[in-house]
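Okay, thanks everyone, I'll keep this short. Have a look at the structure on the screen, and then I'll walk you through the chains and how they meet.

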Number of protein chains: 6
Amino acid sequence: MSAQAIDYANASPEVRAVFDDIKKSRNVPDVNNFWKYLARDPVTLKRTWQSVKEVMQPGALDPLTKEMVYLAVSVTNGCGYCTASHAAAARKAGMSEAMFGELMAVVGMANETNRLANGYRVPVDPAFDK
Amino acid sequence: MSAQAIDYANASPEVRAVFDDIKKSRNVPDVNNFWKYLARDPVTLKRTWQSVKEVMQPGALDPLTKEMVYLAVSVTNGCGYCTASHAAAARKAGMSEAMFGELMAVVGMANETNRLANGYRVPVDPAFDK
Amino acid sequence: MSAQAIDYANASPEVRAVFDDIKKSRNVPDVNNFWKYLARDPVTLKRTWQSVKEVMQPGALDPLTKEMVYLAVSVTNGCGYCTASHAAAARKAGMSEAMFGELMAVVGMANETNRLANGYRVPVDPAFDK
Amino acid sequence: MSAQAIDYANASPEVRAVFDDIKKSRNVPDVNNFWKYLARDPVTLKRTWQSVKEVMQPGALDPLTKEMVYLAVSVTNGCGYCTASHAAAARKAGMSEAMFGELMAVVGMANETNRLANGYRVPVDPAFDK
Amino acid sequence: MSAQAIDYANASPEVRAVFDDIKKSRNVPDVNNFWKYLARDPVTLKRTWQSVKEVMQPGALDPLTKEMVYLAVSVTNGCGYCTASHAAAARKAGMSEAMFGELMAVVGMANETNRLANGYRVPVDPAFDK
Amino acid sequence: MSAQAIDYANASPEVRAVFDDIKKSRNVPDVNNFWKYLARDPVTLKRTWQSVKEVMQPGALDPLTKEMVYLAVSVTNGCGYCTASHAAAARKAGMSEAMFGELMAVVGMANETNRLANGYRVPVDPAFDK
């Protein structure tokens, strides 16, 4: 364990409370490295977890769709940690290999056409502004 | 119509063939500005349409999910045209206002935690590499 | 003229010296908006112009190639001003419509495969590290 | 070989057909990791290779210029794999150390002035819209 | 007022409560467009305001420094709205024209050297990992 | 030492002159890897160092604020090397753990709201254009 990360054994009561809620909500025995590193700032740890918990709960979009969107953003931004962790989360939520393949194809295509639209300086169609 | 765009009336037969396929596939009376600008390069126009058509067809992921992922990437990249056009496409495919709100919430959160992971230099958990 | 920009008539002697050098080096009657806005900070104006002048001069790469690379980066970053100004500069340096089309095709493809490599978490081939 | 990658020995006939075409087109004994990972989705593998092959062939722009543009985009996006692989490809196509140095200088400068233009909110010169 | 935005007069009680807290906290007569558009999703509106309020309050960093960092990120990402709004907020918090000029210079330089580090594939110095 | 880097012992007189100035200006016994890799292009090495030296000197903004802004940009861009090196530089300039935590919180929040503004296509308030 790096000195940069805070493990449960070394955590303050307020950090432990967040870790406990993550473990209970996700039904996992331990939290991921992301939370252990963020625990260096207990205020940001608590706020981030509460926000993620609220945003990722089932609603108009199901958890699998939300995790795939999270993965699409992470891949676009080139965040290696986030790509690894949200691919794992999406698979746990039901993403099959075929779904992963199609998701990556869409992400790749969107990144390509985003630049074609930029390069050709395409003006927004009036119909899109209605 | 800008001199930068190619309208059906001024299009070559090969460009018209692509425009016709877009209109037929999407059941629309005209193509969006994106295709009219891209028509300046007929080879790229044809290849891009064929790729988009293949990637966006129903498969392991449904068209609505694919459009929402496309929108998530476009918003992350800050492509104004793409955000406008794919928001319209996603709504046409069934995205409700509630779904749009949740989608934006996930996109925002992913962009935030991507940077927290970068900033704290979080190493990938061994479990994600299995 | 916006109050945010500094025109030659309102420029200090040090700003005018930079404007004069830009006009002389590029053989143009006036400088672009970029320089008029940057003139609000004469130190950054001078340093940026000197750097651009040094970097964009003919060398191992010719001016056209350099302008096309500048455009490729600007399109990738989604900088609207830079895309417009460097497309104009590249055309002035000899970029044909066919070259523009191929350039955009490469930029689009690179942005797509960059994300495929991110998403599939492809490790660097040992041969690339030699 | 990671379980995430598909080697020739384990590839299906359709994947082998793509691998064979890559090896023949590039005159190389084996394909790079990028293709071995992408092979997990044979449809995306085939489409991506056909697109790359079409886009990167000699045309109005020569292969070296195209590879340098590919590298410029990859560096801007921070794609580590792509930076390594396209630097190798550009060198193979003739990029000298002096050309690499100037390419990086242009990429760096473009990324800097892109943000200066964003920050000063520079409006597009009317001349660029002609 | 666009149909996309929700003004105080048309807002629900829960949206008005957030608008009231923004106006009181910032001592302003009305909220910015950002909040009026976000009001379309009251849950995200409330969470985002609470997070922004917590993050931007004086702490180990003063409000001016926080606003300048916010502006630096917005300029880097090319978010036009955010660049305009956070430049205004930073000026209100005390950013002088000289400070703005130096801030942009640092943002530009960081974006440049970020790509030089990417392009040269510079490995992290062992001293930075202590 | 990688063959990609140039150490003081193997450096040309012009590279050594830059290395000497870096060591003297920063009062350090050796230069970071960034400069050793950049030394492959002595012209870019010299120009980049002179620019960084000018931009990062105390002025309207103090060195600590400048380093934190540099770090904020590096984290946003996902440059691993730059995040590591500028976090070290910021700490050396006085950034405490509490300041780092708040800095990351602002960077994360800015990246989130940048995308919410993009996604909701928020128009700039007239007051910001005054």
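So, let's start with burial: of the 130 residues in chain A, 55% count as buried. Keep in mind throughout that this is a predicted model.

What is chain A built from? It has 6 helices and 0 strands, so to speak of the order is easy: from the N terminus on, it reads α-α-α-α-α-α.

Now the overall shape. The radius of gyration of chain A is 18 Å, whereas a compact globule of 130 residues would come in near 14 Å. If you box up the C-alpha atoms of chain A along the principal axes, you get roughly 55 × 30 × 30 Å. And if you take the contacts in chain A between residues at least 6 apart in sequence, 54% of them join residues at least 24 apart.

The domain assignment splits chain A into domain 1, residues 1–57, and domain 2, residues 59–130. Their C-alpha centres are 26 Å apart. How many residues does each domain of chain A put into the contact? Domain 1 puts in 4 residues and domain 2 puts in 5. On the domain 1 side, that's 2 nonpolar, 2 polar and no charged residues.

Okay, on to chains A and B. Here the contact takes 51 residues from chain A and 51 from chain B. On the chain A side, α2 (33–38), α3 (42–56), α4 (63–77), α5 (80–92) and α6 (97–119) each bring at least two residues. Which helix gives the most? That's α6(A), with 15 residues. By residue type, the side of chain A that touches chain B has 32 nonpolar, 16 polar and 3 charged.

How are these two copies related? You can lay chain A on chain B with a turn of 180° and a shift of 0.0 Å along the axis, and the RMSD is 0.0 Å. The two are therefore related as by a two-fold rotation axis. Also, 100% of the interface residues of chain A are interface residues in chain B too, so the copies meet through the same surface.

Last one: chains E and D. This contact takes 17 residues from chain E and 17 from chain D. On the chain E side, the elements giving two or more residues are α4 (63–77), α5 (80–92) and α6 (97–119). The largest share there comes from α6(E), with 10 residues. The chain E side divides into 7 nonpolar, 7 polar and 3 charged residues.

That's my tour, happy to take questions.

Definitions and conventions. Residues numbered from 1 in each chain as written. Chains lettered and ligands numbered in written order. Predicted model: local features only at pLDDT ≥ 70, side-chain atom pairs only at ≥ 80, totals over all residues. Domains from an automatic or database assignment. Contact = placed C-beta atoms within 7 Å. Nonpolar A, V, L, I, M, F, W, Y, C, P; charged D, E, K, R; others polar. Helix = DSSP H or I, 4+ residues; strand = E, 2+ residues; numbered from the N terminus. Least-squares fit on C-alpha atoms with pLDDT ≥ 70 in both. Rg over C-alpha atoms; globule rule 2.2 N^0.38 Å. Buried ≥ 20, exposed ≤ 12 C-beta atoms within 10 Å, placed from the backbone.
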